[in-house]
Amino acid sequence: MSEELDLVVVGSGGAAMAAGIHARRAGRSVVLVERAVVGGTCVNIGCVPSKTLLAAGGQRAHALHNPFRGVPTSAGPVDLAAVVAQKDALIAGMRAEKYVDVAAAHGFKIRRGEARFADPDTLLVDGRPLPAAAYVLAAGAAPANPDLPGIAETDPLTSTTAMELAELPDSLIVIGGGYVGMEQAQLFAGLGTRVTLVGRLAPRAEPELVELMRQAFARAGITVLEQHAVRVAAAAGGVQVVTDAGQTVTGRRLLVATGRRAQTDRLNLAAAGVAVDERGFIAVDARQQTSNPKVWAAGDVTGAPQFVYVAAATGRAAAVNALGGKHEVDYTGLPAVIFTRPQLASAGLTEAQALAAGHACDCRVLGGQDIPRSLTNQDTLGALKIVADADTGRVLGVHAALEGAGDVMLAATYAIKAGMTIDDIADTWAPYLTMSEALRIAAGLYRGDKPTSCCA
């Protein structure tokens with residue numbers, strides 16, 4: 001039997017890399033085990049490919065919907081194979097530079113093989129024991145198809161397979177109105193596909209911003225049916241979706257974006273005594289520990305918010321605790337961004353969450369027509385909303401549908417974590433003609449409803 005390691009991590013994505021880096025910085029021995037492609041979801045099939053393809057679609061969409069009449073632009077057909085090849089080259093470079101090279105720089109190995117528990121104390125890799133004092137499971141999650149009648153006969157795309165297509169479908173039906181469905185719908189619409197989205201649009205967003213996103217999707221030529229798909233069937237030249245309202249939609253291809261499942265089926269968690277929750281994700285406590293005291297878990301496999309920065313934070317916490325330390329992830333002010341046009345972003349609590357938590361809420365909404373940056377862009381479709389505690393003035397949440405809304409959320413996150421009040425934000429410098437200035441202007445709405453000058 002080989003010498004026992006301090007830590008073995010299953011996976012090689014954001015959570016796994018953070019765990020490995022912490023272990024080496026602490027002077028401990030660690031090995032990552034990866035059965036597939038190094039890098040996990042984000043760099044290979046998630047954030048990086050989707051955002052670069054969204055940027056490509058955005059270039060074409062900007063050319064088609066140019067607000068500056070004196071600057072003529074045009075957009076022709078898309079060579080999807082060339083765009084995908086460029087995306088693949090970006091992924092290969094980032095996988096090498098941000099994962100393989102980083103592991104080498106920190107001095108830990110990424111071992112290829114299939115990990116599987118034999119019992120609560122023994123992890124096998126390709127059938128051979130890999131002894132360790134502790135284990136961190138960071139195997140990630142994958143798209144999950146809904147249990148819809150007929151779906152197996154329609155060869156549905158997922159966000160993964162859709163971004164591997166070499167030819168652009170002339171029409172596409174997207175089932176699911178969450179962040180993946182919204183991004184994929186705009187991605188393909190921007191490239192020239194006729195898109196219909198079936199599902200509730202942005203189900204967790206503030207209602208004022210959802211209405212703006214409906215307008216944005218209509219402007220992009222996307223048909224949105226906020227209904228539930230109940231049946232799918234093959235149709236002549238494509239696929240047919242029937243909704244609970246009795247409406248039928250037909251398209252060339254179907255893309256399903258209704259949720260994700262934990263990639264635990266090959267780990268033999270039952271033998272390890274590792275419990276899962278009602279959704280099939282690994283159950284962990286605040287310290288990322290599972291029901292097996294020797295095993296921790298982190299990232300998407302635990303059902304945590306599906307962001308790579310959350311995966312990294314939980315991966316580091318899991319490693320700290322597995323190696324005898326004490327650390328819990330603080331989710332205060334957690335930001336989220338949907339990279340649509342405009343971006344839909346948030347930090348902290350929604351109004352409904354704040355009320356449920358017992359706060360007396362005081363909210364203000366600043367429309368794009370009152371944001372100088374939006375005016376200069378000749379596009380005022382957008383808004384920013386602040387959720388504040390009515391008694392203390394403390395900022396609880398910031399939500400925006402704006403071009404560059406994601407960048408605004410960094411300042412919002414700092415403000416929420418620091419416990420800043422509306423007055424603190426209103427009295428803090430903000431550079432003129434930036435979208436982040438909207439945060440200061442919105443805070444000023446708490447001081448009165450009369451209009452102000454640009455910087456007053």
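Two strands count as paired if DSSP finds at least two bridges between them. The legends below refer to a predicted model.

**View 1. The open three-stranded sheet S12-S13-S14.**
Strand S12 is joined to strand S13 (residues 238–243) by 6 bridges, and the two run antiparallel. One bridge position in this pair is arginine 231, whose partner in S13 is valine 242. The sheet as a whole is open, has 3 strands in the order S12-S13-S14, and is paired in antiparallel fashion. Strand S12 (229–235) and strand S14 (248–251) each have a single partner strand and stand at the edges, so one side of each has no neighbour in the sheet. On average, neighbouring strands of this sheet are turned by 20° against each other, direction ignored.

**View 2. The largest nonpolar core and a second, separate one.**
The largest nonpolar core holds 35 residues, and those touching the most other members are Met182, Phe188, Val195, Met213, Phe217, Leu255 and Leu344. Two or more residues of this core come from each of helix H3 (47–64), helix H4 (80–106), strand S9 (171–175), helix H6 (179–191), strand S10 (194–198) and helix H7 (207–219). A second core, separate from this one, has 28 residues, among them Ala345, Val395, Ala405 and Met435.

**View 3. Surroundings of phenylalanine 217.**
Phenylalanine 217 is one of the residues that touch the most other members of the largest nonpolar core. With neighbours within four places in sequence left aside, phenylalanine 217 is in contact with Met182, Ala185, Gln186, Leu197, Leu201, Ile222, Val224 and Thr340.

**View 4. The salt bridge between arginine 28 and aspartate 6.**
The whole structure contains 18 salt bridges. In the one between arginine 28 and aspartate 6, the closest N and O atoms are 3.6 Å apart. Arginine 28 lies in the loop between helix H1 (14–25) and strand S2 (30–34), and aspartate 6 lies in strand S1 (residues 5–10), so the pair ties together parts 22 residues apart in sequence. Arginine 28 is partly exposed, at a relative accessible area of 29%. Aspartate 6 is also partly exposed, at 24% relative accessibility.

**View 5. Salt bridges of aspartate 277 and of lysine 417.**
Aspartate 277 forms a salt bridge with arginine 279, with 3.8 Å between the closest N and O atoms. Arginine 279 is exposed, its relative accessible area being 53%. Lysine 417 forms a salt bridge with aspartate 330, and here the closest N and O atoms are 3.7 Å apart. This pair links distant parts of the chain, 87 residues apart: lysine 417 is in helix H12 (residues 405–417), while aspartate 330 is in the loop between helix H9 (308–322) and strand S18 (335–338).

**View 6. The salt-bridge network that includes lysine 385.**
Glu206, Glu208, Glu351 and Lys385 are joined into one network by salt bridges that share partners. Lysine 385 is located in strand S21 (residues 383–389). Its relative accessibility is 1%, so lysine 385 counts as buried, the limit being under 20%. The side chain of lysine 385 makes a polar contact of 3.0 Å with the side chain of glutamate 206. A polar contact of 2.7 Å joins the side chain of lysine 385 to the side chain of glutamate 351. Not counting residues up to four places away in sequence, lysine 385 touches Glu206, Glu208, Glu351, Cys363, Arg364, Val365, Gly397, Val398 and His399.

Conventions:
Residues numbered from 1 in each chain as written. Predicted model: local features only at pLDDT ≥ 70, side-chain atom pairs only at ≥ 80, totals over all residues. Heavy atoms only, no water. Helix = DSSP H or I, 4+ residues; strand = E, 2+ residues; numbered from the N terminus. Axes fitted to C-alpha atoms, helices over the stretch in contact; angles between N-to-C directions. Core = buried A, V, L, I, M, F, W, Y, C linked by side-chain atoms within 4.5 Å. Buried < 20%, exposed > 50% of the residue type's maximum accessible area, 1.4 Å probe, protein only. Contact = heavy atoms within 4.5 Å. Salt bridge = Lys/Arg side-chain N within 4 Å of Asp/Glu carboxyl O. Polar contact = N/O pair within 3.5 Å; in protein donor to acceptor, adjacent residues only side chain to side chain.
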